[in-house]
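Welcome to this short tour. Please open the viewer, keep the selection tool at hand, and follow along stop by stop.

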Amino acid sequence: MKVLGERVTKLKRVFIFALLSFAMALASASYANAANVIATGWHYSPYAAVGSYLDSVTIKVEVGQNFYLGDYFGRYTSESYTYGSDLNATYKSSKTSVATINSKTGYVKALKKGTSNLTLKYKGTEYICTLKVVSKGSLGTTGKYKTLNKASKELAKYYGVSITSKNSTAIMKKYITIHNAQVSLKIASSSNYVYCFSSSSENVWKLINPSGARAYRVVSALETYAKDVLDSIKVSSVSASAGNKTFEVTLKKALTAEQVYFLQFDKGDYESKWKTSPTTVTFGATSITAWDEENTDYLYYGKCKVTKNSKKMTVTLYQDYDHTKKAKLISKYKYELHINMTGDNRIKKTFTVK
């Protein structure tokens with residue numbers, strides 16, 4: 001449910017802010033021009049909690065894991081955050097028998113157990129992190145995270161590809177596979193997060209999802225794209241009768257498959273598994289204000305149900321945001337329906353019950 005989801009998101013942000021505060025205490029006075037290794041349970045840019053680029057920062061990976069080092073380095077300035085992968089940087093490994101790294105792309109291959117210092121060099125300055133390669137299964141990633149890793153790798157292939165109406169649902173299906181894998185692993189999930197790390201201490205990070213950072217950037221692009229897709233949904237009219245607990249909303253255009261996909265993505269319950277090919281989506285995030293002849297306001301909450309290729313949307317009225325106590329429509333009351341779509345954008349419609 002949306003309100004509960006918002007509370008979980010707020011708790012995540014509090015946790016992230018706490019990590020950020022700790023990292024800031026470690027960072028030098030020249031923080032505005034520093035480069036940092038991202039060290040957080042959530043790859044959350046541009047407000048990522050970061051560990052300083054001290055030599056004590058270590059990334060643990062299992063043998064056979066491959067990833068782009070630049071995806072885990074970020075350069076902060078007073079105005080922006082830039083991934084190392086987007087910088088004209090060069091890379092090297094101190095022990096190529098343990099891990100090789102492409103000098104131009106920063107692509108790391110973990111070959112055998114051991115330790116290697118990985119270096120990102122940008123504008124004459126070198127930033128180093130320690131890579132510790134361990135045996136397969138020692139981080140608990142083998143088997144348990146197999147589906148998540150495979151799905152993230154598939155989605156990461158779309159990194160750098162523009163999202164359009166032609167490929168958006170194909171990309172969305174791949175993200176849904178990641179989402180469902182996270183739910184199965186009982187990893188708290190949200191529309192714009194792809195799990196990357198599991199921490200073992202404040203300075204040592206176990207990389208359990210090598211492609212997670214790159215996949216996250218595709219998900220962020222999906223979130224941006226979703227705003228236009230959902231903002232195109234418009235209400236034409238509302239039909240409501242006194243005594244009923246539901247009413248019907250007619251949309252100006254029938255919902256497309258793409259819109260249904262993105263309704264599930266943006267408004268779905270992030271703690272539940274999603275349908276790979278949804279035809280019907282139910283979501284909350286609807287507030288309904290009613291007022292009587294004396295202009296006394298009453299706040300209700302709604303749950304919407306929409307179906308692909310249909311102009312109809314059914315809204316069930318509730319007294320509480322947890323959607324446990326249904327309410328009845330009252331005659332002669334005026335109602336104002338708000339359907340929150342993306343951020344502050346919302347559909348608004350005023351109607352009177354017969």
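Two aromatic rings of Phe, Tyr or Trp count as a pair if their centres lie within 6.5 Å. With that in mind, select Tyr 175, Tyr 225, Phe 262, Phe 265, Tyr 270 and Trp 274, which together form one aromatic cluster. What you are looking at is a predicted model, and it holds 12 aromatic pairs.

**Stop 1: two pairs in the cluster**

Keep Tyr 175 and Phe 265 on screen. Their rings meet edge-to-face, with 5.6 Å from centre to centre and 90° between the planes. Colour helix H3 (residues 168-184) and helix H5 (residues 257-267): Tyr 175 lies in H3 and Phe 265 in H5, so this pair ties together parts that are 90 residues apart in sequence. Are these two residues buried or exposed? Both Tyr 175 and Phe 265 are buried.

Now move to Tyr 225 and Phe 262. Their ring centres are 5.5 Å apart and their planes stand at 55°; edge-to-face would need over 60 degrees, so this pair counts as tilted. Tyr 225 belongs to helix H4 and Phe 262 to helix H5, so here the parts tied together are 37 residues apart in sequence. Tyr 225 and Phe 262 are buried too.

**Stop 2: along helix H5**

Select H5 from end to end. How many of its 11 residues are buried? The count is 10, so the helix is mostly covered. Among the buried residues are Tyr 261, Phe 262, Leu 263 and Phe 265, and also Glu 258, Asp 266 and Lys 267.

**Stop 3: the cores**

In soluble globular proteins, nonpolar side chains tend to be buried together. To see this model's largest nonpolar core, which has 56 residues, start from the members that touch the most others: Tyr 175, Phe 247, Val 249, Phe 262, Leu 263, Phe 265 and Tyr 335. Then add helix H4 (residues 212-231), which gives the most to this core, with 8 residues. A second core, separate from that one, has 23 residues; Ala 89, Ile 101, Ala 110 and Leu 131 are included in it.

**Stop 4: Ser 211 and Arg 214**

Select Ser 211, in the loop between strand E13 (204-207) and H4. Its relative accessible area is 17%; since buried means under 20%, Ser 211 is buried. Leaving aside residues up to four places away in sequence, Ser 211 touches Ser 152, Lys 153 and Ala 156.

Next, pick Arg 214 and show two tyrosine rings with it. The charged end of Arg 214 sits over the ring of Tyr 68, 3.8 Å from its centre. That charged end also sits over the ring of Tyr 159, 4.2 Å from the centre.

**Stop 5: a hairpin**

Turn to strand E16 (residues 280-291) and strand E17 (residues 297-307), which pair in the antiparallel sense over 10 bridges. Find Thr 280 and look across to Thr 307 in E17, which stands opposite. The two strands form a hairpin with 5 residues between them, and Asn 295 in the turn has a positive phi of about 60°. E16 is mostly covered, with 9 of its 12 residues buried.

**Last stop: confidence**

Finally, colour the chain by pLDDT. The chain has a mean of 80, and 77% of its residues reach 70 or more. Which element has the highest mean pLDDT? Strand E8 (residues 99-101) does, at 98, while strand E2 (residues 50-51) has the lowest, at 34. Over residues 1-55 the pLDDT is below 50, and this stretch has 104 contacts in the model beyond near neighbours in sequence.

Methods: Residues numbered from 1 in each chain as written. Heavy atoms only, no water. Core = buried A, V, L, I, M, F, W, Y, C linked by side-chain atoms within 4.5 Å. Buried < 20%, exposed > 50% of the residue type's maximum accessible area, 1.4 Å probe, protein only. Helix = DSSP H or I, 4+ residues; strand = E, 2+ residues; numbered from the N terminus. Contact = heavy atoms within 4.5 Å. pLDDT = per-residue confidence, 0-100. Pairing = 2+ DSSP bridges. Phe/Tyr/Trp six-rings, centres within 6.5 Å; stacked < 30°, edge-to-face > 60°. Lys NZ or Arg CZ within 6 Å of the ring centre and 35° of its normal.
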